[in-house]
Amino acid sequence: MYKVHIMFLVCYIIALIAAYFMKIYIYKIATKAIINKKLSTGIFALFPVEGEKAVELAKGYINAAKIVFWFVVIFFPFLFVISIIQGSI
């Protein structure tokens with residue numbers, strides 16, 4: 001195995017762990033916002049959102065976390081395989 005392959009695997013594992021923990025953290029925040037119907041995280045800490053708008057934004061946070069996680073899981077290895085097939089690595 002080339003050093004580039006090992007480096008890619010290390011970076012991929014770090015990105016995968018970061019995406020997973022981000023997903024867990026966002027789920028925790030979003031479920032808390034859905035239950036309390038109040039979103040006060042991030043930019044919303046300055047301007048809290050309450051009611052159904054908070055629930056809608058929290059569900060959007062959950063969807064965004066899912067998209068980022070699956071993008072990391074599927075797309076990064078796909079790029080690696082394509083680069084191996086083309087012979088650039």
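Biologist: What is the relative accessible area of Lys-37?

Modeller: Heads-up: this is a predicted model, where local features need pLDDT of at least 70 and side-chain atom pairs need 80 or more, while totals for chains, interfaces and linings use all residues. Residues are numbered from 1 along each chain as its sequence is written, and side-chain values use heavy atoms, leaving out hydrogens and water. Lys-37 sits in the loop between helix 1 and strand 1 (38–39); helices (H or I, at least four residues) and strands (E, at least two) are DSSP runs, numbered from the N terminus. Lys-37 counts as partly exposed (between buried, under 20%, and exposed, over 50%; 1.4 Å probe, protein chains only), because its relative accessible area is 41%.

Biologist: What phi does Lys-37 have?

Modeller: Most residues other than glycine have a negative phi. Lys-37 isn't a glycine, yet its phi is positive, at about 55°.

Biologist: Which residue meets Lys-37 in a salt bridge?

Modeller: A salt bridge puts a side-chain nitrogen of Lys or Arg within 4 Å of a carboxyl oxygen of Asp or Glu. Here the N to O distance is 3.1 Å, and the pair links distant parts of the chain, 15 residues apart. The partner lies in helix 2 and is exposed, at 53%. It's Glu-52.

Biologist: How far apart, N to O, are Lys-53 and Glu-56 in their salt bridge?

Modeller: Those two are three residues apart in helix 2, so about one helical turn separates them. Lys-53 is partly exposed at 47%, and Glu-56 is exposed at 54%. Their side chains meet at an N to O distance of 4.0 Å.

Biologist: Lys-23 has no salt bridge, so which side chain of opposite charge is nearest?

Modeller: Lys-23 lies in helix 1 and is buried. Lys and Arg count as positive, Asp and Glu as negative, with His and the chain ends not counted. Setting aside neighbours within four places in sequence, Lys-23 is in contact (heavy atoms within 4.5 Å) with Ala-65 and Phe-69. The nearest opposite charge is 22 Å away, on Glu-56.

Biologist: Which helix supplies the largest share of the largest nonpolar core?

Modeller: A nonpolar core is a set of buried Ala, Val, Leu, Ile, Met, Phe, Trp, Tyr and Cys residues joined through side-chain atoms within 4.5 Å. This one has eight residues, including Leu-39, Phe-44 and Val-49. Helix 1 (3–36) and helix 2 (52–86) each give at least two. The largest share, three residues, comes from helix 2.
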